[in-house]
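Student: Before the discussion begins, may the sequence and the model be placed in view?

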Amino acid sequence: MDDIKLYATTHNDLSHLANLTEHFSKDICMDFGIDKCKINSVKGGQILQHSTYQLETGQQISSLDQNEVYKYLGYNQDRQIQYKDTKLKLQQQFKQRLNSISETSLIHHAIAQTDTKLTPLNLSDITIQNNETQIDIPTKINDWTRKSLHGRHRKDLCQINVDKVASNAWLSCGELFPETEGFMIAIQDQTIETRNYQKHIMKLRIPTDQCRKCNSGSETIQHITGACKAIVQTDYKHRHDQVANIIHQKLAQKYNLIPQKLIPYYKYVPEPVIENNNYRLYFDRAILTDKTTHFNRPDITVHDKKNHTALIIDIAIPNSHNLQSTISDKLSKYTDLRDEIKRMWRLSEVTIVPIVISTTGIIPKQLHQSLSTLCLSQYTYIQLQKAVVLNTCRIVRKFLQQETQSDTQRISSSCQHTSTELPASTLVNNIPLSPNTIIISSSH
Ligand SMILES: [Zn+2]
């Protein structure tokens with residue numbers, strides 16, 4: 001028991017309640033903080049000046065003054081909660097905290113200066129380390145490409161159908177937190193401590209490398225980012241829908257179906273059907289056709305009434321090695337629907353538009369073509385990529401946080417005894433990263 005508020009309609013009732021509280025407090029050996037107690041009388045909405053109130057012990061509680069307030073659960077109140085006042089105070093507090101955060105680079109600097117071999121990093125040492133054997137970039141890239149595990153992302157980037165520069169846009173834009181960038185690079189480098197990594201790379205003696213959620217298939221990083229059956233309808237759907245939202249909002253605004261005010265994609269809720277004289281836009285709606293088509297529910301369907309054309313848009317976020325096959329699948333999956341729509345709606349042309357990005361943000365060249373078919377800005381991919389990268393990081397973090405009991409014990413013991421044979425893990429946001437992972441820190 002901490003703060004307590006007593007309400008009564010009459011003075012007598014109040015005395016009764018106060019006495020009861022007093023007795024009870026005494027029984028559990030608690031005292032009133034009399035100096036913090038006040039009494040307040042309200043009649044017809046007006047605050048009455050009240051004489052002091054006397055407790056059974058003889059202690060006195062003074063009356064709340066006309067302009068005085070009291071703090072209850074963090075809110076200033078008198079007759080009611082002082083919203084304006086509370087808001088102002090919160091604003092001031094927020095600004096104060098923001099200022100202190102913006103001074104953290106100074107703190108960072110101070111810490112670095114103080115660390116004279118206090119930590120293994122020895123941050124005060126500013127001499128350039130000469131432990132790199134390769135210095136020229138082509139050799140580094142070559143070495144990276146030859147690594148069978150860490151080089152997989154590099155190989156994915158070098159696929160003929162991939163736009164390498166666009167695939168790295170999320171890194172050059174610099175809009176993400178350094179922690180997120182570092183985490184995504186760890187995912188791309190396959191250095192996340194999944195069960196597969198623990199068993200086969202770290203050689204830990206764990207009972208199984210099967211997925212902790214679906215228990216069907218080895219728990220590799222690819223399994224987590226895009227192949228776990230247990231999170232298809234939740235986490236993968238959420239990531240997919242965020243990309244769909246971006247495309248839907250852009251199209252709806254382009255066709256003047258919704259106001260031009262931009263709503264953040266994670267707050268935007270697409271209408272199932274919106275229509276004006278020129279366009280009709282369906283979102284995640286089954287298109288009824290005379291002939292049965294197996295796939296009749298594309299993510300977005302556009303009917304251009306004036307030009308007698310339609311677009312069937314379908315979105316997918318597969319793992320990098322499945323990029324090309326996913327695009328081909330999307331194109332073939334909707335051919336029946338395309339033919340049916342063309343016939344039923346009497347259209348001159350119906351185009352299937354796949355919007356496909358890899359779980360790690362790799363952009364297939366085909367995406368540029370799709371965006372151009374939709375007449376959207378060629379830079380739209382940057383926004384789609386950001387949403388995917390953020391969501392994949394979120395999915396992996398969430399997944400790894402769901403440890404089994406034994407895993408949690410093992411991790412906590414490996415953190416306490418870093419001198420044992422277990423490789424020392426680095427914990428970022430409580431996510432165990434494997435030993436090879438490097439966390440890039442900011443230096444603004
Ligand atoms: Zn699974």
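Tutor: Two residues are in contact if their C-beta atoms, placed from the backbone, lie within 7 Å. The model under discussion is a predicted one.

Student: Which residues of α8 and α15 are in contact?

Tutor: By that criterion, T180, F183, M184 and I187 in α8 meet V389, L390, T392, C393 and V396 in α15. Sorted by class, this contact has seven nonpolar, two polar and no charged residues.

Student: What makes T180 and T392 polar, and the others nonpolar?

Tutor: Val, Leu, Ile, Met, Phe and Cys are among the types that count as nonpolar, whereas types outside the nonpolar and charged groups count as polar. The contact has T180 from α8 and T392 from α15, and threonine falls outside those two groups, so both count as polar.

Student: Why are α8 and α15 called roughly perpendicular?

Tutor: Two packed helices are described by the angle between their axes and the distance between the axes. Here the axes of α8 and α15 (residues 380-401) come within 10 Å and cross at roughly 75°. Angles of 65 to 115 degrees count as roughly perpendicular, and the pair is therefore given that name.

Student: Which residues of α8 are called buried?

Tutor: A residue is buried if 20 or more other C-beta atoms lie within 10 Å of its own. In α8 (residues 178-188), G182, F183, M184, A186, I187 and Q188 are buried. Beyond the helix comes Q190, whose phi is positive, near 60°.

Student: How do you know that β10 and β11 pair?

Tutor: Two strands pair if DSSP finds at least two bridges between them. Five bridges join β10 (residues 300-304) to β11 (residues 309-316), and the two strands run antiparallel. T301 has I312 in β11 as its bridge partner, and H303 stands opposite A310. The two strands form a hairpin with four residues between them, and H308 in the turn has a positive phi of about 55°.

Student: Where do β10 and β11 lie in their sheet?

Tutor: The sheet is open and has five strands, in the order β8-β9-β10-β11-β12, with mixed pairing. Its edge strands are β8 (273-275) and β12 (349-356), each of which pairs on one side only. From one strand to the next, the twist averages 15°.

Student: What makes the pairing of this sheet mixed?

Tutor: Strands of a sheet pair through backbone hydrogen bonds, either parallel or antiparallel. β11 and β12 run parallel, joined by eight bridges, with T309 opposite E349 in β12. By contrast, β9 and β10 pair in the antiparallel sense over five bridges, and R280 has H303 in β10 as its bridge partner. β8 and β9 (residues 279-283) also run antiparallel, with three bridges, and a hairpin joins them through three residues. As for burial, seven of the eight residues of β11 are buried.

Student: Why do β1 and β4 count as edges of their sheet?

Tutor: That open sheet has three strands in the order β1-β5-β4, and its pairing is mixed. β1 (38-39) and β4 (53-54) each have a single partner strand, so one side of each is left without a neighbour in the sheet.

Student: How do you know that β4 pairs with β5?

Tutor: The threshold is at least two bridges. Two bridges join β4 to β5 (residues 60-63), so the criterion is met. The strands run antiparallel, and Y53 stands opposite I61 in β5.

Note on methods
Residues numbered from 1 in each chain as written. Predicted model: local features only at pLDDT ≥ 70, side-chain atom pairs only at ≥ 80, totals over all residues. Buried ≥ 20, exposed ≤ 12 C-beta atoms within 10 Å, placed from the backbone. Axes fitted to C-alpha atoms, helices over the stretch in contact; angles between N-to-C directions. Parallel < 35°, antiparallel > 145°, perpendicular 65-115°, else oblique.
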